[in-house]
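Trainee: Could we go through this structure together? I would like to see how each label is justified.
Mentor: Happy to. Have a look, and then ask away.

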Amino acid sequence: MFDLDPGDELALIVDTARKLAETELTPRMRESEAARAVDAGLLAAWDEVGLAALELPERHDGAGLGCVARVLVNEELAAGDAGAALALDPFGPALTTLLEVGGDDAVTALTSALDHGASRAILVIVDAVDVSADTLTLDAAWVPADEAGAVVVLAGSDAFLVTEGISLERVRGAGLRAAGAARLELEGASIAGRWTDAAGAERARARARLHAASLLLGVMRSACDFSTAYSQEREAFGKPIGHHQALAFLMVDMRMALDAARLLVHEAAWRVDRALPCAAEAAAAWAECIEASRLIGPNGVQVLGGHGFMADYPVEKHMRESRALGLLFGGYDAAIEEAGQRLVETDTPLDLGQSGAL
Amino acid sequence: MEFAIDAAMRERIEEAREVGQREIRPAGLEADRNAAPIPVGDPFFDRCLERGEGRTRWAGPNAPKSKPRKSNVILSLLLAEELAYWDRGVINATPGPGLPEQSVIGMGTDEQKERFLGPFLEPDKPRWACFGMTEPGAGSDAAAIRTLARRDGDHWILNGAKCFIGAASRSDWLLIQATVDPSKGRAAQRAFLVEQGTPGLGGFKIEKKMGLKAYESTSFTLEDVRLPASNLLGGEERYERKAGFKAAMQTFNAGRPVIAANAVGIARAALDESIRFARETDLLGRDRVRDRIEAIARKVRKARLICLRAGWLADQQRANIIEASMSKAMAAQVAQEAASMGLELLGLVGGRGDHLIEKLYRDAKAMDIVEGTGQIQRMIIARQLVGLPR
Ligand SMILES: Cc1cc2nc3c(=O)[nH]c(=O)nc-3n(C[C@H](O)[C@H](O)[C@H](O)COP(=O)(O)OP(=O)(O)OC[C@H]3O[C@@H](n4cnc5c(N)ncnc54)[C@H](O)[C@@H]3O)c2cc1C
């Protein structure tokens, strides 16, 4: 039956993530941004709640949860601080990529690479990659990281794991600075593992997009919540600014955009977990999130007027970070390309009841 | 009908372009990297003076009373676009009597013009002035400001707080909007000329802004600031004729199409940078990229025309309330969208935080906030269009 409740077990996990975000991530948001890192206290709090290794299979001592769990948790964490959410998670969508394309072996290769004290794995998605013999060359203008113990490259049907020769040159970063910001260069870096699976790669791309999309949902939710709450407190012309229709309806449009994007993300994530076709749906959900962020990011600032333009409030950070997040993993263009391509493969793509899914 | 601009205008635009490219753009990028306003002693400001900037439009005490020159708002809008194309923040950092100049010229007594604008006739060094209306508790609703002006014999005593005031800490004097009775709204407002260094004026805090970092936006407090009656703009009689609030709003009125033109400049910069990037990376052949560039270009053109219409009406001495507000409401949004689309075109390069379009994306946001937010502009239009009640 159609049911939007996450179920008790997942609700508990989501609640844990929300509490962590509220008590640890949000209060340190500016600190983490300035430090380009999360501090030891935050890392300790993170370790305590056990949200790491969410999708790592149980046989690898992980929680073995799926995509729905991931998107729900990501939204909560990113509502606190999207940069910190990236910084705290050592695997990110690099893990699901290897899981989908390479399976157990690939996951083992990744976990053991990160064991050696190195912090995070970075996922880069490209159309094609320059491979010769057993080395790989790649230049990514921006990754939200200052350091990486492993790089996973998803190109076409191939997933590559690189653990050595990773060069990261720091840049300022438009946002998400808590996770760092760098240009990533692999110059003939030796390939530690290569796996090929067309269907797996498709699912991997879907999961990566949903990963980023759910972080974006969190940032947008924060922008909506913060500005809406502010609009009840701040008065102009004798009443709360939120009671002026010109502003009220803008906030209503922001909320509608957020809710609709979230449902698309959830449905696509559910498809991933049920092993249903999910590529077009995930791409569409990602595109919808990016579209929503074009509205919500700048207007979160707008609701606060001049105050929104100042670093004293979080909405300017939401505006920058929602825009930056939307550039990851091929961004909008690659997403609508993929969603559109799949759409034209059938005549009636949105028929009700096909294969039991909407 | 004529959509061309004449040779004299083109020449002025050419001059602005030359300075923009050589001086303004680099100064803006550097301020953004430093995340701090261009410092007061920076040689950039000396060069501004050398170019003849930083001076008042007031003709001086002994100027013959000539007929006012024919206005050329169109030219000022074209220049506002061109200069903001190179850097909107740096334009606001430029020395001069700035926002309050028009109020002092229009309403000041002869003595006030001489005292406050005189030093800007042939400035010996970069000098600034600023206009302080906004307060922590009141921005859009300018009638609700709380800075209190109390009469004390032949003096006035000011108490209150202001925020986001451009160039406040470096200004020779500040035109401060205050009220003699907060319960009486606009009618009770007065504008005061407060000299820097007057005891009680202090607590300057330069805000950390998302964009437009080249100029300072500053908060400060007024604690028992004691002013001679001669510092009341226009003198006492003026207010007996109830001109207080209107004086301030006049400053804003003149500003709307200028802000709109600034926004058009920002949008055009985003367009050009997008094309440059697409060309350099061989993306111009892709439909999706070209569609986006076409959309940005169309937005820039419509915003520019809407903006010039407001200016043309002003030059014709015809009412332009709707058009002025429309220009600002539209152009501000166009600037935001153009920069946002440009960032998408850059892809990961946009995330690096060191590309001009990324800066434009942050700078543009203020265009929908300053001198009447987009919502306020829509209210103004709606009052005219559908009789929206106040
Ligand atoms: C970079 C920068 C430079 C500035 N420089 C100066 C300066 O030099 N001098 C100066 O005096 N001020 C300056 N300001 C202040 C600026 O004029 C105010 O920020 C602006 O007027 C908005 O006021 P506010 O910030 O208090 O927002 P608010 O008035 O609190 O508005 C908050 C939100 O409520 C909305 N709102 C308010 N009333 C209504 C309504 N009736 N209907 C619908 N929506 C409504 C607004 O549109 C906005 O979205 C500057 C601001 C910035 C960002």
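Mentor: Let's start with a definition: a salt bridge is a side-chain nitrogen of Lys or Arg within 4 Å of a carboxyl oxygen of Asp or Glu. Keep in mind that this is a predicted model.

Trainee: Why is the pair Asp354(B) and Arg352(B) called a salt bridge?
Mentor: The closest N and O atoms of Asp354(B) and Arg352(B) are 3.0 Å apart. The cut-off is 4 Å, so the pair qualifies.

Trainee: What makes Arg352(B) buried and Asp354(B) partly exposed?
Mentor: Buried means under 20% relative accessible area, and exposed means over 50%. Arg352(B) has 13%, so it is buried. Asp354(B) has 47%, in between the two limits, so it is partly exposed.

Trainee: How do you know that Glu33(A) and Arg177(A) meet in a salt bridge?
Mentor: Their N to O distance is 3.9 Å, and the limit is 4 Å, so the pair counts. This pair links distant parts of the chain, 144 residues apart. Glu33(A) sits in helix α2 of chain A, while Arg177(A) is in the loop between β6 and β7 of chain A.

Trainee: Are those two residues buried or exposed?
Mentor: Glu33(A) has 9% relative accessibility and Arg177(A) has 19%. Both values are under 20%, so both residues count as buried.

Trainee: What makes Glu267(A) and Arg271(A) a salt bridge, and where do they lie?
Mentor: The N to O distance is 3.1 Å, which is within 4 Å, so the label fits. Both residues lie in helix α7 of chain A, four residues apart, about one turn of the helix. Arg271(A), at 6% relative accessibility, counts as buried, whereas Glu267(A), at 22%, is partly exposed.

Trainee: How many salt bridges does the structure hold, and which residues are linked in a network?
Mentor: There are 72 over all chains. A network of salt bridges links Arg18(A), Glu75(A), Glu76(A), Arg221(A), Asp225(A), Arg255(A), Asp259(A) and Arg262(A).

Trainee: Let's turn to the ligand. Why is the site called shared between chains?
Mentor: Residues from chains A and B surround the ligand, so the site belongs to both. Of the 31 residues around the ligand, Arg234(A), Gln302(A), Thr134(B), Ser140(B) and Thr373(B) come nearest. Elements that each supply at least two residues of the shell include α7 and α8 of chain A, and β1, β3 and α12 of chain B. By class, the shell has 16 nonpolar, 13 polar and two charged residues.

Trainee: What makes Ser140(B) a polar contact of the ligand?
Mentor: A polar side-chain atom of Ser140(B) lies 2.6 Å from an oxygen atom of the ligand. The limit for a pair of N or O atoms is 3.5 Å, so this pair passes. The backbone contributes too: a polar backbone atom of Gln302(A) is 2.5 Å from a ligand oxygen, and a backbone N or O atom of Gly139(B) is 3.3 Å from one. The protein covers 96% of the 980 Å² of accessible area that the ligand has on its own.

Trainee: How do you know that Glu344(B) and Arg294(A) make a polar contact?
Mentor: Their side chains are joined at 2.8 Å, within the 3.5 Å limit. Glu344(B) is found in helix α9 of chain B and, at 8% relative accessibility, counts as buried.

Trainee: Why is the pair Tyr85(B) and Trp86(B) called edge-to-face?
Mentor: A search of the whole structure finds nine aromatic pairs over all chains. In this one, the centres are 4.8 Å apart and the planes are at 80 degrees. Centres must lie within 6.5 Å, and planes over 60 degrees apart count as edge-to-face, so the name applies. Tyr85(B) and Trp86(B) are both buried.
Mentor: Phe116(B) and Trp173(B) form another edge-to-face pair, at 5.6 Å and 75 degrees. Phe116(B) is in helix α5 and Trp173(B) in strand β4 of chain B, 57 residues apart.

Trainee: Last one: what makes helix α11 of chain B largely enclosed?
Mentor: 10 of the 10 residues of that helix are buried, so the rest of the structure largely encloses it. Among them are Leu356(B), Glu358(B), Tyr361(B) and Lys365(B).

Definitions and conventions:
Residues are numbered from 1 along each chain as its sequence is written. Chains are lettered from A and ligands numbered from 1 in the order in which they are written. This is a predicted model: local features need pLDDT of at least 70, side-chain atom pairs count only at pLDDT 80 or more; totals for chains, interfaces and linings use all residues. Side-chain values use heavy atoms; hydrogens and water are left out. A residue is near a molecule or strand if one of its heavy atoms lies within 4 Å of it. A polar contact is a pair of N or O atoms within 3.5 Å; within protein, one must be able to donate a hydrogen and the other to accept it, and residues adjacent in sequence count only if both atoms are side-chain atoms. Accessible areas come from the Shrake-Rupley method with a 1.4 Å probe; for residues, only the protein chains shown count as cover. Ala, Val, Leu, Ile, Met, Phe, Trp, Tyr, Cys and Pro count as nonpolar, Asp, Glu, Lys and Arg as charged, and the others, Gly among them, as polar. Buried means under 20% relative accessible area, exposed over 50%, partly exposed in between (1.4 Å probe, protein chains only). Rings of Phe, Tyr and Trp (its six-membered ring) pair if their centres lie within 6.5 Å; planes under 30 degrees apart count as stacked, over 60 as edge-to-face and the rest as tilted.
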